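Grab a pencil and work through a few exercises on the structure shown here. Try each task yourself before you read the solution below it.

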Amino acid sequence: MAVNVLIKTYAMFVFLISRLIFSLGKSKPWITTNIVPPTISPDKYNENGYNLRTDLEALKMASSDYGNMVTEIPTAVLDPSSINDIASLIKSSNNHSVPFHIAARGQGHSIRGQAMARNGVVVNMTAMKSQRNGTGIVVAGNRASGYNYADVGGEQLWIDVLHATLEHGLSPVSWTDYLYLTVGGTLSNAGISGTTFRYGPQISNVYELDVITGKGDFVTCSAHKNSELFHAVLGGLGQFGIIVRARIALEPAPKRVKWVRMLYTDFSEFARDQERLIKINDRKDKNALDYLEGSLLMNQGPPDNWRSSFFPPSDHPRIISKVTQNKIVYCLEIAKFYDDGSIHTVDEVLKVLTKGLRYEPGFMFEKDVSYVDFLDRVRGGELKLQSQGLWEVPHPWLNLFIPKTRVEEFNNGVLRDIVLKRNITTGPVLLYPMNRNKWDDKMSAVIPDEDVFYTVGFLHSGGFDDWESFDEQNKEILQFCEDAGIEVKQYLAYHKTQEEWTKHFGPKWTTFNQRKLMFDPKKILSPGQKIFTRQ
Ligand code: FAD
């Protein structure tokens, strides 16, 4: 009894100290008038055998993310030792007089607290990795029929999925640029990159899911079985259930990659060439590109950035001079994968595809790299930034989807006006198109209502003292689109009110709302998205 009291006092002490430390440690103090006791008692759940943690290290991890701009402190962190732990925790919340919030946390690579749960419980999905006993990624299927897949725990990282599947000569086909993200985390958003124009987002390449719903039920779902839950969860921002297994589509893995970048000074030609190339997009078409992205080069020093170093150092001076002359240079980036069977034809295929493209003469650059090095191209930059202490800084990112018919206007009004005038943009700016028909409208992810739309990503890194100026720019960009009637959709969206979310989902809101009532009626899950809860 005395021990229990002691533990309780200790837990509360830790909790309060941690709040204080966070308040002092951030540029924007954490202010709250909500000093009510936490709605759950960690001790009570620990008695039931769960690994609910309240130590400072766990709370600190769960109340921070890659964005480094938001702090929401949970009451406890669950290190699940099994899927049952997660189900029981969600059931406990449902049975509680005042249900408490629960958020799955993958890698916490969100920007604005989307994986946080103030005064609730954060499920540290990473802890599941050590509980899988080698079953975290299981590759199976049938080579002859072409139905190959990996059954992957929601907590697994895409980099590990890559390595595990390559051992079988197989690979997923749809990727993100950065692979140290969890499968559950990217499937809750969409998972996009240069492979999306051809293969669709990662959510379009899932055969089946195991989900613990917001009611605590374990449900296996697919496009044919419990399809309402399947479609809800994919792109569902963690609102309907926690993904504990995903069956990911696999295809034979290529070995190497021809990787090409071309520079443009004229936006219309850059956009026209991008759109021309993504028209060839049949999954089986051996003459199609495997990857297409685009980015901006502006006056930011060397033309390479942390997302990948590419340009030969000897060419840096003439590239920088092009950027200085034109203020913005547009970089079209493509890749064609190959293996032993296509090694003799890949150059010809690329030659045909790039024939007639209107990049600046003399500004095409090529590389030949291994498939793994290509897919994992961002890691080197990350490690470098980490070693310089520049990874854990605020990241006031803005990611948008823009209808194709308005992208020229976006270029003129945002890139060539707001961005150049403010002259604060640091970090990569991505801009590339994708095809709507590669997305499944039944899923929760929201995209513009045009056959082709662009994604733009302002991947800013700020200082703790100046990140708000990037946010001001983000707001100005959104306001410009609003005023011009450009119906952009945010990707990895950040909205503060339900009204904004209703607008974001547009015609999909009714379904989204109904699915919430169906699968998480007490609105327990992922409160950090601020869709049904204001934290
Ligand atoms: P978290 O941030 O931990 O969680 C995100 C949301 O998903 C939260 O609401 C959380 O509650 C929920 N969630 C987490 N796990 C589960 C689960 N198992 N089941 C249900 N809900 C869950 N995105 C792209 O699409 N393409 C890119 O190329 C890309 N590059 C990136 C590069 C960097 C450096 C970073 C930091 C992010 C990048 N992202 C990219 C964004 C990334 O996809 C999202 O931030 C994603 O949420 C990260 O996954 P995570 O595992 O860290 O998720």
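The exercises below go through a sheet, some empty spaces and some salt bridges in this predicted model.

**Exercise 1. Find the order of the strands in the open sheet of four strands, and say which are the edge strands.**

Step 1: Start with the order, which is S1-S2-S4-S3, with mixed pairing.
Step 2: Look for strands that pair on one side only; these are S1 (52–53) and S3 (102–105), the edge strands.
Step 3: Now take S2 (residues 76–78) and S4 (residues 121–124), which run parallel and are joined by three bridges.
Step 4: To pin down one bridge, go to Val77, whose partner in S4 is Val122.

**Exercise 2. Describe the largest cavity: what is its volume, and which residues lie nearest its centre?**

Step 1: Count first: there are four cavities of 30 Å³ or more.
Step 2: The largest cavity has a volume of about 970 Å³.
Step 3: Its lining is made up of 50 residues, and Leu181, Gly185, Thr186, Asn189 and Leu492 lie nearest the centre.
Step 4: Check which elements give two or more residues to this lining: S3, helix H6 (183–187), S10, strand S16 (429–435) and strand S17 (452–458).
Step 5: Sort the lining of the largest cavity by kind, and you get 23 nonpolar, 24 polar and three charged residues.

**Exercise 3. Work out where the second largest pocket lies with respect to domain 2 and domain 3.**

Step 1: Get its volume, about 780 Å³.
Step 2: Look at the lining of this pocket: 31 residues, with Arg198, Tyr199, Glu251, Pro252 and Lys286 nearest the centre.
Step 3: Elements that give two or more residues to it are helix H7 (196–199), strand S10 (241–252), strand S13 (329–338) and helix H11 (346–354). S10 has the largest share, with four residues.
Step 4: By kind, the lining of the second largest pocket splits into 15 nonpolar, seven polar and nine charged residues.
Step 5: Both domain 2 (132–252) and domain 3 (256–491) give residues to the lining, so the second largest pocket lies between them.

**Exercise 4. Asp160 and Lys129 meet in a salt bridge, and so do Asp340 and Lys255; find which parts each pair ties together.**

Step 1: For Asp160 and Lys129, the N to O distance is 3.5 Å.
Step 2: Asp160 sits in helix H5 (residues 158–166) and Lys129 in the loop between S4 and strand S5 (137–142), so this pair ties together parts that are 31 residues apart in sequence.
Step 3: Asp160 is partly exposed, at a relative accessible area of 27%, and Lys129 is partly exposed too, at 32%.
Step 4: In the salt bridge of Asp340 with Lys255, the closest N and O atoms are 3.0 Å apart.
Step 5: Asp340 is in the loop between S13 and H11, and Lys255 is in the loop between S10 and strand S11 (256–264), so the pair ties together parts that are 85 residues apart in sequence.
Step 6: Asp340 is exposed, with a relative accessible area of 55%.

**Exercise 5. Are Lys516 and Asp520 buried or exposed?**

Step 1: Recall the cut-off: buried means under 20% relative accessible area.
Step 2: Lys516 has 1%, so Lys516 is buried.
Step 3: Asp520 has 0%, so Asp520 counts as buried.
Step 4: Their side chains meet in a salt bridge, at 2.6 Å from N to O.

**Exercise 6. Which residues are linked with Asp151 in a network of salt bridges?**

Step 1: The structure holds 35 salt bridges.
Step 2: Follow the links of the network, and along with Asp151 you find Glu208, Asp210, Arg245 and Arg247.

Definitions and conventions:
Residues numbered from 1 in each chain as written. Predicted model: local features only at pLDDT ≥ 70, side-chain atom pairs only at ≥ 80, totals over all residues. Heavy atoms only, no water. 1 Å grid on protein atoms, 1.4 Å probe; cavity = no way out; pocket = protein on both sides within 12 Å on 5 of 7 lines; lining within 4 Å. Points joined across faces, edges and corners; volume = space filled by probe spheres on them. Nonpolar A, V, L, I, M, F, W, Y, C, P; charged D, E, K, R; others polar. Domains from an automatic or database assignment. Pairing = 2+ DSSP bridges. Salt bridge = Lys/Arg side-chain N within 4 Å of Asp/Glu carboxyl O. Buried < 20%, exposed > 50% of the residue type's maximum accessible area, 1.4 Å probe, protein only.
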